Amino acid sequence: PRQVEVKTAPEPTASTTGAPSVQLTNNLSQAVNVYVTVTGGNELFLRQVAANTVEKVPVSGVASGSTVTFKAVTVDGSRTYQSRSSPLSPLFLWSVP
């Protein structure tokens, strides 16, 4: 039999894609689904962030400087957290709760 090596491509980072990102600190005991809303626009699902972790999530398709609000919803749907409305910076820092 042939030997095959399988690798996973690295996640794109804001520095390689040029996309702004949100660094979310999830202090909850369950995962959250993270969304972004551009003022006057639609809500966009970004990623699920595991419990008790810090994750840098790229915000693709949203221009840096756009006024946005981030939302995190616990996976069981029982709690929703929202960030302040703010211009999207290259790295937006946000903690839940």
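This passage describes the nonpolar core, the aromatic pairs, a buried asparagine and the salt bridges of a predicted model.

In soluble globular proteins, nonpolar side chains tend to be buried together. In this model the largest nonpolar core comprises 19 residues, and the members that touch the most others are Val22, Leu46, Val59, Phe70 and Trp94. Several strands contribute to this core: strand 1 (21-26), strand 2 (32-38), strand 3 (43-49), strand 5 (67-74) and strand 8 (91-96) each provide at least two of its residues. The contacts of tryptophan 94, with neighbours within four places in sequence set aside, include Val22, Leu24, Phe70, Ala72 and Tyr81. Polar residues are also found among the contacts of tryptophan 94, including Gln23, Thr25, Gln82 and Ser83.

Three aromatic pairs were counted. In one of them, the ring centres of phenylalanine 70 and phenylalanine 92 are 5.0 Å apart; the pair is classed as tilted because the ring planes meet at 40°, an angle that falls between the limits of 30 and 60 degrees. Phenylalanine 70 belongs to strand 5 and phenylalanine 92 to strand 8, so that the pair links distant parts of the chain, 22 residues apart. Both phenylalanines, 70 and 92, are buried. Through ring pairs, Phe70, Phe92 and Trp94 form a cluster.

Asparagine 26 is part of strand 1. Its relative accessibility is 1%, and asparagine 26 therefore counts as buried, the limit being under 20%. The side chain of asparagine 26 reaches the backbone oxygen of glutamine 30 at a distance of 3.2 Å. Residues up to four places away in sequence aside, asparagine 26 touches Ala31, Val32, Val49, Ala50, Ala51, Asn52, Thr53 and Val96.

Two salt bridges were counted. One joins lysine 71 to glutamate 43, with 2.8 Å between the closest N and O atoms. Because lysine 71 is in strand 5 and glutamate 43 in strand 3, this salt bridge ties together parts of the chain that are 28 residues apart in sequence. Lysine 71 has a relative accessibility of 22% and so counts as partly exposed; glutamate 43, at 42%, is likewise partly exposed. Lysine 71 also lies over the face of tyrosine 35, at 5.3 Å from the ring centre. The other salt bridge is formed by arginine 47 and glutamate 55, whose closest N and O atoms are 2.7 Å apart. Arginine 47 is partly exposed, with a relative accessible area of 22%, and glutamate 55 is partly exposed at 21%.

Key
Residues are numbered from 1 along each chain as its sequence is written. This is a predicted model: local features need pLDDT of at least 70, side-chain atom pairs count only at pLDDT 80 or more; totals for chains, interfaces and linings use all residues. Side-chain values use heavy atoms; hydrogens and water are left out. A nonpolar core is a set of buried Ala, Val, Leu, Ile, Met, Phe, Trp, Tyr and Cys residues joined through side-chain atoms within 4.5 Å. Buried means under 20% relative accessible area, exposed over 50%, partly exposed in between (1.4 Å probe, protein chains only). Helices (H or I, at least four residues) and strands (E, at least two) are DSSP runs, numbered from the N terminus. Contact means heavy atoms within 4.5 Å. A polar contact is a pair of N or O atoms within 3.5 Å; within protein, one must be able to donate a hydrogen and the other to accept it, and residues adjacent in sequence count only if both atoms are side-chain atoms. Rings of Phe, Tyr and Trp (its six-membered ring) pair if their centres lie within 6.5 Å; planes under 30 degrees apart count as stacked, over 60 as edge-to-face and the rest as tilted. A charge sits over a ring if NZ of Lys or CZ of Arg is within 6 Å of the ring centre and within 35 degrees of the ring normal. A salt bridge is a side-chain nitrogen of Lys or Arg within 4 Å of a carboxyl oxygen of Asp or Glu.
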